Amino acid sequence: MGFLHPTDRLLFLVYADRTAAVAAVETGRDVRHEYGLRGALLLPQHIHSTIWHVHDGFSPPPDDLIAALAACANRVSMPAFRVSFDRIESFIGGPLVLRGEDGVVGLELLHERLKAVLGINGRSRFVPHVTLLRDKRRLLPPIPIEPIEWTVSEFVLVHSLLGKTTHHVLARFPLVSPPPSDRGR
């Protein structure tokens, strides 16, 4: 009897806007070519940063779980923020990813706020990143790149069909935009 792999995943994530997604894929393509990597690049519409991996299973997630997660996520309150990734590197296991330093603080804060409303206690290891491809043949050191940036104005709850590059957005959670400045009047 073989080992069964989950087929369905629930996760909270932020998608890159179209401009940033295309830039990420192009950057990944350049690095893939330069370093002889073979992994398939993610499609621009799948370029995202996972905020919280919630659930893996062997069937679509139950409606009551989705409703409970959405009710929690609706309690997250924070302003929209700018995210910036300024390097590419490999993680152990094969992912080639975008990473950042100060430019990912908003993602870290969103992760902590989501953790709080989900009622998760204790420490969690969260490394903000955007996966571009997977290639187990080669581990690359950090490579500086022209920053890839976008404004995060919402996060989403997604049902991912594992291995099929299919995402179903189940719910969207807008972040509050800061009010216009009264300065300069």
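Q: Is Lys115 buried or exposed in this predicted model?
A: Start with the cut-off: buried means under 20% relative accessible area. Lys115 has a relative accessible area of 9%. That value falls under the cut-off, so Lys115 is buried.

Q: Which helix holds Lys115?
A: Look at the stretch of residues 105-117. This stretch is a helix, and Lys115 lies in it. The helix is α3.

Q: Which residues does Lys115 touch, leaving out those up to four places away in sequence?
A: Some partners follow one another in the chain: Ile120, Asn121, Gly122, Arg123 and Ser124. Another of the residues touched by Lys115 is Trp52. The full set is Trp52, Ile120, Asn121, Gly122, Arg123 and Ser124.

Q: What separates the C-alpha atoms of Lys115 and Val76?
A: Along the chain, Lys115 and Val76 are 39 residues apart. In space, their C-alpha atoms are separated by 9.6 Å.

Q: Is Ser49 buried or exposed?
A: Ser49 lies in strand β2, residues 48-57. Its relative accessible area is 0%. Buried means under 20%, so Ser49 is buried.

Q: Which residues does Ser49 touch, not counting those up to four places away in sequence?
A: Two of the partners are Leu13 and Val14. Both numbers fall within strand β1, residues 8-15. The whole list for Ser49 is Leu13, Val14, Leu107, His129 and Val130.

Q: How many residues of strand β3 are buried?
A: Strand β3 covers residues 81-90, which gives ten residues. The strand is mostly covered. The buried count is eight.

Q: Which residue in β6 is the bridge partner of Phe85?
A: Strand β3 pairs with strand β6, residues 143-152. The pairing is antiparallel and has seven bridges. In β6, the partner of Phe85 is Ile148.

Q: Which residue in β4 is the bridge partner of Arg87?
A: Strand β3 also pairs with strand β4, residues 95-99. Four bridges join them in the antiparallel sense. In β4, Arg87 has as its partner Arg99.

Q: Which residue in the turn between β3 and β4 has a positive phi?
A: The two strands form a hairpin. Four residues lie between them. The positive phi is about 105°, and it belongs to Gly93.

Q: How many bridges join β7 and β8?
A: Strand β7 spans residues 154-161, and six of its eight residues are buried. Strand β8 spans residues 166-174 and runs antiparallel to β7. Leu161 stands opposite Thr166 in β8. The bridges between β7 and β8 number eight.

Q: Which residue in β7 stands opposite Leu11?
A: Strand β1 and β7 run antiparallel. Six bridges join them. Opposite Leu11 in β7 stands Val158.

Q: How many helices and strands are in the chain?
A: From the N terminus on, the elements run β-α-β-α-β-β-α-β-β-β-β. The α marks stand for helices and the β marks for strands. The chain holds three helices and eight strands.

Q: What is the radius of gyration of the chain?
A: The chain has 185 residues. A compact globule with that many residues would have a value near 16 Å. The value for the chain agrees with this: 17 Å.

Q: How far apart do the centres of the positive and negative side chains lie?
A: The chain has 21 positive side chains. It has 19 negative ones. The centres of the two sets lie apart by 3 Å.

How values were computed:
Residues are numbered from 1 along each chain as its sequence is written. This is a predicted model: local features need pLDDT of at least 70, side-chain atom pairs count only at pLDDT 80 or more; totals for chains, interfaces and linings use all residues. Side-chain values use heavy atoms; hydrogens and water are left out. Buried means under 20% relative accessible area, exposed over 50%, partly exposed in between (1.4 Å probe, protein chains only). Two strands pair if DSSP finds at least two bridges between them. The radius of gyration is taken over C-alpha atoms; the globule rule is 2.2 Å times the number of residues to the power 0.38. Lys and Arg count as positive and Asp and Glu as negative; His and the chain ends are not counted. The place of a charge is taken as NZ of Lys, CZ of Arg, CG of Asp or CD of Glu. Contact means heavy atoms within 4.5 Å.
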